Amino acid sequence: MMNRKDTPDESEQEIVHFPDFQVDTQDTPWYQHPEWDGVFLKDLVGGKDTGGRFSYHLVRVWKDCRITDHDHATQWEWNRVIGGKGVFTFGDAEIPLVPGQTFVTPPGVPHGVRVDHSDLTLLAMFVPALV
């Protein structure tokens, strides 16, 4: 269970609408990422909801934590910064992250996120779905 609340929570009160159902994000629990300390996920739409076509998640990275360089063999990853600040690492490049900014990572391209001064909240979509 995640208790820290240093970033905006507007996104936690979204409703994701589909033609035959909706997902209330307040009903979806946060969980600790299995590999990275201080990184939490909230699965808003899973692959089972989309026939494996895409998945949609909230990601929160606490201050002084990081998502180390990694890649996804088959998924495109699209992220939108919705709260806080950080740095996106994309190969040798370091790109400052601020609310409203987006970044896209093709399959097989190493990338990561570093958060130094404030918690960071992202919306992340994976195509096809992250399993």
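I will start at the end of the chain: Pro-128 sits in the segment after S12. The peptide bond between Val-127 and Pro-128 is cis, with omega about -10°. Keep in mind throughout that this is a predicted model.

Now the overall picture. The protein chain has zero helices and 12 strands. Read in sequence order, the pattern is therefore β-β-β-β-β-β-β-β-β-β-β-β, with helices being DSSP runs of at least four residues and strands of at least two. Along the principal axes, the C-alpha atoms of the protein chain fill a box of roughly 45 × 35 × 25 Å. For 131 residues, a compact globule would have a radius of gyration near 14 Å, and the chain agrees, at 14 Å.

How much of the chain is buried? Buried residues account for 45% of the 131 residues. The exposed area of the protein chain is about 7200 Å², and carbon and sulfur atoms supply 55% of that. As for contacts, take those between residues at least 6 apart in sequence: 60% of them join residues at least 24 apart.

One example of two residues brought together from separate places in the sequence is Gly-83 with Thr-121. They are 38 residues apart along the chain, and their C-alpha atoms are separated by 4.9 Å. Gly-83 belongs to strand S7, which covers residues 76–83. With a relative accessible area of 1%, Gly-83 is buried.

Next, the core. As general background, nonpolar side chains in soluble globular proteins tend to be buried together. Here the largest nonpolar core has 27 residues, and those that touch the most other members are Val-59, Val-61, Val-113 and Leu-120. Which elements give two or more residues to this core? They are strand S4 (39–45), strand S5 (55–61), strand S6 (65–70), S11 and strand S12 (120–127).

Val-61 is a useful residue to click on. Leaving aside residues up to four places away in sequence, Val-61 touches Gly-38, Val-39, Arg-66, Ile-67, Val-115, Asp-119 and Leu-120.

A little further along is Asp-64, found in the loop between S5 and S6. Its phi is near 65°, a positive value in a residue other than glycine. Asp-64 is exposed, at 58% relative accessible area.

On to charged side chains. How many salt bridges does a search of the whole structure find? It finds three. I will take them in turn.

In one, the side chains of Asp-49 and Lys-48 meet at 3.8 Å, N to O. Why does this pair count as a salt bridge? The nitrogen-to-oxygen distance of 3.8 Å falls within the 4 Å limit, so the pair qualifies. Lys-48 is exposed, with 77% relative accessible area, while Asp-49 is partly exposed at 28%.

Another joins the side chains of Arg-114 and Glu-94, at 3.2 Å from N to O. This pair links distant parts of the chain: Arg-114 is in strand S11 (residues 111–115) and Glu-94 is in strand S9 (residues 93–97), 20 residues apart. Is each partner buried or exposed? Arg-114 is buried, because its relative accessible area of 18% is under the 20% limit. Glu-94 counts as exposed, because its 51% is over 50%.

The remaining one has the side chains of Arg-114 and Asp-116 meeting at 3.2 Å, N to O. Asp-116 is partly exposed, with a relative accessible area of 30%. Shared partners join Glu-94, Arg-114 and Asp-116 into one network of salt bridges.

Last, the aromatic rings. A search of the whole structure finds four aromatic pairs. One of them is Phe-18 with Phe-21, which is stacked: 4.4 Å centre to centre, with 10° between the planes. The pair is called stacked because the angle of 10° is under 30 degrees. Phe-18 is partly exposed at 21% relative accessible area, and Phe-21 is also partly exposed, at 32%. Elsewhere, Phe-88, Phe-90 and Phe-103 form one aromatic cluster.

To recap for anyone opening the model: the chain has 12 strands and zero helices, its largest nonpolar core holds 27 residues, and Arg-114 takes part in a salt-bridge network with Glu-94 and Asp-116. That is what I have.

Technical notes: Residues numbered from 1 in each chain as written. Predicted model: local features only at pLDDT ≥ 70, side-chain atom pairs only at ≥ 80, totals over all residues. Heavy atoms only, no water. Buried < 20%, exposed > 50% of the residue type's maximum accessible area, 1.4 Å probe, protein only. Core = buried A, V, L, I, M, F, W, Y, C linked by side-chain atoms within 4.5 Å. Contact = heavy atoms within 4.5 Å. Phe/Tyr/Trp six-rings, centres within 6.5 Å; stacked < 30°, edge-to-face > 60°. Rg over C-alpha atoms; globule rule 2.2 N^0.38 Å. Areas by Shrake-Rupley, 256 points an atom, 1.4 Å probe, with all protein chains shown as cover.
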